[in-house]
Amino acid sequence: MKAILVDKNDRSLHWSDVPDPIMKSDEVLVKIEAAALNRADLMQREGDYPPPAGCPEWMGLEISGEIVEIGKEASERSSWKLGDKVCALLGGGGYAEYVTVKYDMLMPVPKNCSMVEAAAIPEAFATAYLNLFIEGKIKEGNTLLMNAGASGLASVIIPMAKAFGIRVITTVLTDEIANNIKHLNADRVVVTTKEDISLVLKEELENGHSVDVAIDCLGGEIMGKCIHYLTHGARWIMIAALAGTKTEIDLKNIYVRNVRIIGSTLRSRAPETKAEILAGIVRDVYPKIEAGLVKPTIHAVLPIQEAEAAHDILYQGKNIGKVVLTV
């Protein structure tokens, strides 16, 4: 089969021949139709985010496709059948023609989703579900701060939160981007080149709408300023630090207000935990998807041979929503 490999010299991407995957008894073989991109793919390409042991060396954390073979244990322990259309959460290996997947890392394609949309569900929706409901313990009527409102993850988290009755504040860099994410229906969009987000959060606190959960992929200096203006008992969840790894925090504010700072990544979770998250998505979120309340935002679709151009979209921060490769 073929897969996208990274040239060790210049980090360029090439559609190359690789060995066919060898399926274990508790796995199924999926013929891949689409693979969605994530920032973790860029980090892996640059050598900063190696795949877990046992995973293929090529990138790709989420795919959609068709089951073409089922292992004996997978057949006995699941209801999957040959020909089922599925999407899957992977440790790696999605930029390819085929991939083997443990039976409990699969989800059915939601009824009203295309295969391109389905490919954009597993990683982003699992990250959203993990941080909103498991780490964040967010509830109806709470307020969420979701930084970087134009990101692929925000394009999932914002509508998911809204579908569960949560008020959402998000941040963007320009009025143009704010206009581009109107369809996400955030309650307040803060253009950070015009407004200081820490002062906005102070205002929200004073007006009785303080943030209960923050999901932050930026970090940097502003994080320490913002964390002073949260609900008592709030959770600030760090999932990345694109704006810098250092900040200054008033520690007294943390313990007086009982604020929790939580570090969270999906990829480091045990397989059993990931399986529980996927089951939770099918149980709790799929009804919202099938009712049209939550859907992946697709920015661009390119053939997998153009993976280099697809990566450039993410590198340049041009995307509003997900970029997907078709195989």
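A residue counts as buried when its relative accessible area is under 20%, and as exposed when it is over 50%. The model used in these exercises is predicted.

**Exercise 1. Overall build**

Task: State how many helices and strands the chain has, then judge its compactness from the radius of gyration.

Solution:
- Step 1. Take the secondary structure. There are eleven helices and 15 strands.
- Step 2. Compare the radius with the rule. The radius of gyration is 20 Å, close to the 20 Å that the globule rule gives for 327 residues, so the chain is as compact as a globular protein of that length.
- Step 3. Add the outline. Along the principal axes, the C-alpha atoms fill a box of roughly 60 × 45 × 35 Å.
- Step 4. Add burial. Of the 327 residues, 53% count as buried.
- Step 5. Check the contact range. Among contacts with a separation of 6 or more, 68% join residues 24 or more positions apart.

**Exercise 2. Surface and charge**

Task: Describe what the chain exposes and how its charged side chains are placed.

Solution:
- Step 1. The exposed area is about 14600 Å². Carbon and sulfur atoms supply 51% of that area.
- Step 2. Count the charges. The chain carries 35 positive and 43 negative side chains.
- Step 3. Locate the two sets. Their centres lie 5 Å apart.

**Exercise 3. The nonpolar cores**

Task: Find the residues that touch the most other members of the largest nonpolar core, then follow I281.

Solution:
- Step 1. Recall the general trend. Nonpolar side chains tend to be buried together in soluble globular proteins.
- Step 2. The largest core holds 85 residues. V30, V101, L106, F125, L144 and I281 touch the most other members.
- Step 3. Leave aside the neighbours of I281 within four places in sequence. I281 then contacts M107, F125, A126, Y129 and Y286.
- Step 4. Look for another core. A second, separate one has 17 residues, including I197, V200, V211 and L230.

**Exercise 4. Helix α5**

Task: Decide whether helix α5 is largely enclosed or open, and name its packing partners.

Solution:
- Step 1. Helix α5 spans residues 154-163. Nine of its ten residues are buried, so the helix is largely enclosed by the rest of the structure.
- Step 2. Name some of the buried residues. Among them are V156, I157, I158 and M160.
- Step 3. List the partners. The buried residues of α5 pack against α4, β8, β9, β11 and α10.
- Step 4. Look past the helix. G165 follows α5 and has a positive phi, near 75 degrees.

**Exercise 5. Positive phi outside glycine**

Task: Place K137 and N185 in their loops and give their phi angles.

Solution:
- Step 1. K137 lies in the loop between α4 and β8. Its phi is positive, about 50 degrees, although K137 is not a glycine.
- Step 2. Test the exposure of K137. The relative accessibility is 55%, so K137 counts as exposed.
- Step 3. N185 lies in the loop between α6 and β10. N185 is not a glycine either, yet its phi is about 65 degrees.

**Exercise 6. Distant in sequence**

Task: Give the C-alpha distances for I70 with V101 and for Q305 with Y95.

Solution:
- Step 1. I70 is in strand β4, residues 62-70. I70 and V101 are 31 residues apart in sequence and 9.8 Å apart in space.
- Step 2. Add the contacts of I70, beyond neighbours within four places in sequence. They include M23, V28, W80 and L82.
- Step 3. Q305 sits in the loop between β14 and α11. Its relative accessible area is 52%, so Q305 is exposed.
- Step 4. Q305 and Y95 are 210 residues apart in sequence, with 9.8 Å between their C-alpha atoms.

Note on methods. Residues are numbered from 1 along each chain as its sequence is written. This is a predicted model: local features need pLDDT of at least 70, side-chain atom pairs count only at pLDDT 80 or more; totals for chains, interfaces and linings use all residues. Side-chain values use heavy atoms; hydrogens and water are left out. Helices (H or I, at least four residues) and strands (E, at least two) are DSSP runs, numbered from the N terminus. The radius of gyration is taken over C-alpha atoms; the globule rule is 2.2 Å times the number of residues to the power 0.38. Buried means under 20% relative accessible area, exposed over 50%, partly exposed in between (1.4 Å probe, protein chains only). Contact means heavy atoms within 4.5 Å. Accessible areas come from the Shrake-Rupley method with a 1.4 Å probe; for residues, only the protein chains shown count as cover. Lys and Arg count as positive and Asp and Glu as negative; His and the chain ends are not counted. The place of a charge is taken as NZ of Lys, CZ of Arg, CG of Asp or CD of Glu. A nonpolar core is a set of buried Ala, Val, Leu, Ile, Met, Phe, Trp, Tyr and Cys residues joined through side-chain atoms within 4.5 Å.
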